[in-house]
Amino acid sequence: MHQTLEPIMAEQPFLKGLDAEHLQLLVGCASNVRYEAGQYLLRESEEANQFYIIRHGRVAIEVYTPNRGPIVIETLGEGDVLGWSWLVPPYNWRFDARAIELTRAIVLDGKCLRGKCEQDYQLGYELLSRFLQIIERRLQATRLQLLDVYKD
Amino acid sequence: MKTDIGTAGPGRQTEPTLDDPILPRMFQVRRIFSETADSFSCELQPSDGEVMHFSPGQFNMLYVFGVGEIPISISGNPDKPKLLVHTIRSVGPASKAIRRLKRGDLIGVRGPYGTGWPVKGAEGNDVVIVAGGIGLAPLRPLIYRVLAEREKYGRVALLVGARTPGDILFQRQLERWRGRLDIDVLVTVDKAPRSWRGNVGVVTSLIPKIRFDPATTTAFVCGPEVMMRFTAMELEVRGVPTSNLHFSLERNMKCGIGLCGHCQLGPYFICKDGPVLGLDKIKKLMALREI
Ligand SMILES: Cc1cc2nc3c(=O)[nH]c(=O)nc-3n(C[C@H](O)[C@H](O)[C@H](O)COP(=O)(O)OP(=O)(O)OC[C@H]3O[C@@H](n4cnc5c(N)ncnc54)[C@H](O)[C@@H]3O)c2cc1C
Ligand code: FES
């Protein structure tokens with residue numbers, strides 16, 4: 001299975017440019033997953049021990065509010081990366097992620113990766129700098145969303 | 001009358017002249033219909049039968065008798081000028097008064113004014129069109145023109161952002177365009193109920209989802225100014241040359257023809273040097289808070 005995942009993973013924008021040795025390490029922690037429409041990939045407050053690279057489909061990031069029920073705050077699609085709580089103690093999800101349509105993804109075992117990053121700082125740096133870019137983009141997007149620019 | 005216009009700086013490209021038409025022409029309302037909860041389109045026909053030709057991106061001053069005059073971009077098809085179409089958000093007295101007009105009522109129209117989108121300059125390039133909210137209206141004539149001459153352009157993408165699914169302008173038309181194989185149409189909303197199966201997120205989040213060659217891409221952007229600033233940043237980061245980024249700006253207007261100075265932005269009069277301006281000209285001005 002890992003043989004077949006390597007070329008697929010090498011094509012993912014998130015992993016582009018990673019050297020072969022590090023890619024191999026990631027492939028060792030990766031597997032294919034599939035979710036039907038309506039199925040949850042992860043739930044708030046559960047342990048965050050993985051992250052996903054979405055290959056096909058669409059996933060809604062939802063936050064549950066007692067008065068208004070679940071609110072969709074963002075959707076992710078092909079090539080997007082889902083989840084960075086596995087990087088930050090106490091390693092718990094802060095939101096729900098639900099497949100809106102049939103979704104195929106690569107799931108990476110965060111626990112296994114945390115160990116590998118401890119042993120190989122170069123790998124840790126490569127991964128963190130990639131996640132930092134995603135976090136920065138999401139922060140900008142959240143700011144724009146908060147401004148509610150289309151209101152007036 | 002020319003005395004108070006000397007305040008415009010060295011960047012002015014066009015000198016105002018009194019040959020500019022200042023008297024409104026009479027148009028008759030043919031149809032007014034809702035687009036979203038707070039916006040509508042109005043189709044006008046010239047009372048004198050003489051059609052108004054325009055370039056995509058130009059605007060008219062619409063005069064509602066007894067209420068006032070407001071600048072509104074033309075949102076119809078430039079290749080079908082028999083009907084003059086505007087799409088308007090009801091925000092205040094003049095726009096609400098237009099909404100109340102009935103078939104056959106008269107409205108004064110001055111124009112078409114301003115610079116259009118530089119469509120010719122984009123020939124041979126990939127084209128990225130980014131619209132936010134009512135900003136899709138001034139872009140629609142450009143979309144008609146690009147699709148009418150589709151073979152002249154590389155990849156074409158239309159990215160549309162709206163507040164909620166109910167606020168998406170021209171929904172049926174977007175669906176039709178999405179059905180074509182020669183244009184990528186992506187839509188996103190800032191907020192949505194769970195029943196919405198489309199994208200949720202800001203319009204800039206759609207940029208990584210489309211394919212274009214940044215070095216040979218021309219982008220046309222219209223929407224709230226903050227949204228345009230964020231879009232500019234994202235496109236520049238991806239390598240689209242600043243000189244290929246074009247924006248349609250809004251400022252309060254009175255004369256619409258470069259005489260009164262109401263619409264001044266730094267050295268530019270938006271009514272005459274704009275409303276469409278290249279980012280290379282306005283980048284510094286857009287970053288200033290009070291202009
Ligand atoms: C070149 C140009 C093209 C335009 N094209 C369109 C168009 O195609 N469709 C459209 O709906 N509008 C367009 N506008 C904006 C439109 O001119 C204003 O919304 C209009 O003047 C409001 O007039 P009013 O009397 O209805 O409301 P006002 O009483 O003038 O304003 C009511 C409220 O709306 C706010 N407002 C006024 N003008 C603007 C503005 N420019 N942007 C944001 N908020 C504003 C005011 O602050 C106030 O809170 C354009 C403006 C320019 C300069
Ligand atoms: S100079 Fe009068 S509106 Fe522009």
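Which residue is the bridge partner of B:F247 in β15(B)? I looked this up at the start, and I found B:L277 to be the partner of B:F247. I note here that the model is a predicted one.

**Entry 1: the sheet that holds β15(B)**

I followed the pairing outward from B:F247. Strand β12 of chain B covers residues 245-248, and I found that 3 bridges pair it with β15(B) in the antiparallel sense. Both strands belong to an open sheet of 7 strands in chain B. I recorded the order as β10-β9-β8-β7-β11-β12-β15, and the pairing in this sheet is mixed. At the edges I found β10 (199-200) and β15 (276-278) of chain B, each of which pairs on one side only. As a reminder to myself, strands of a sheet pair through backbone hydrogen bonds, either parallel or antiparallel.

**Entry 2: the sheet of 6 strands**

I then turned to another open sheet in chain B, which has 6 strands in the order β4-β3-β6-β1-β2-β5. Its pairing is antiparallel. I noted β4 and β5 of chain B as the edge strands, since each is paired on one side only. From one strand to the next, I read an average twist of 40 degrees.

Next I examined how β5(B) is held at its edge. Strand β2 of chain B, residues 39-46, runs antiparallel to β5(B), and 6 bridges join the two. Within β5(B), I found B:I88 opposite B:F40.

**Entry 3: the surroundings of ligand 1**

I asked which residues come nearest to ligand 1. Of the 18 residues around the ligand, these are B:P71, B:T87, B:R89, B:S95 and B:E250. I then looked up polar contacts made by oxygen atoms of ligand 1. One such contact, at 2.5 Å, reaches an N or O atom in the side chain of B:S95. Polar backbone atoms also take part: I read 2.6 Å from a ligand oxygen to B:P71, and 2.7 Å from a ligand oxygen to B:R89. Taken alone, ligand 1 exposes 890 Å², of which the protein buries 68%.

I next sorted the shell around ligand 1 by element. In chain B, β4 (68-73), β5 (84-89) and α1 (93-100) each give two or more residues to the shell. The largest share, 4 residues, is that of β4(B). Thus β4 and β5, which I had recorded as the edge strands of the sheet of 6 strands, appear again in this shell. By residue class, I counted 11 nonpolar, 4 polar and 3 charged residues.

Where does ligand 1 lie with respect to domain 1 and domain 2 of chain B? I found that domain 1 (25-112) and domain 2 (120-286) both contribute residues to the shell, and therefore the ligand lies between them.

**Entry 4: backbone geometry**

Before checking the backbone, I recalled that most residues other than glycine have a negative phi, and that most peptide bonds are trans. In chain A, I found a cis peptide bond between A:P89 and A:P90, with omega about 5 degrees. A:P90 is in the loop between β6 (81-82) and β7 (96-99) of chain A. A:Y91 is also placed in the loop between β6 and β7 of chain A. I read a positive phi of about 55 degrees for A:Y91, although this residue is not a glycine.

In chain B, the peptide bond from B:G111 to B:P112 is cis, and its omega is near 0 degrees. I located B:P112 in strand β6 of chain B, residues 106-113. Strand β6 is a member of the sheet of 6 strands described in Entry 2.

Definitions and conventions:
Residues are numbered from 1 along each chain as its sequence is written. Chains are lettered from A and ligands numbered from 1 in the order in which they are written. This is a predicted model: local features need pLDDT of at least 70, side-chain atom pairs count only at pLDDT 80 or more; totals for chains, interfaces and linings use all residues. Side-chain values use heavy atoms; hydrogens and water are left out. A residue is near a molecule or strand if one of its heavy atoms lies within 4 Å of it. A polar contact is a pair of N or O atoms within 3.5 Å; within protein, one must be able to donate a hydrogen and the other to accept it, and residues adjacent in sequence count only if both atoms are side-chain atoms. Accessible areas come from the Shrake-Rupley method with a 1.4 Å probe; for residues, only the protein chains shown count as cover. Ala, Val, Leu, Ile, Met, Phe, Trp, Tyr, Cys and Pro count as nonpolar, Asp, Glu, Lys and Arg as charged, and the others, Gly among them, as polar. Domain bounds come from an automatic or database domain assignment. Two strands pair if DSSP finds at least two bridges between them. Axes are lines fitted to C-alpha atoms, for helices over the stretch in contact, and angles run from 0 to 180 degrees between N-to-C directions.
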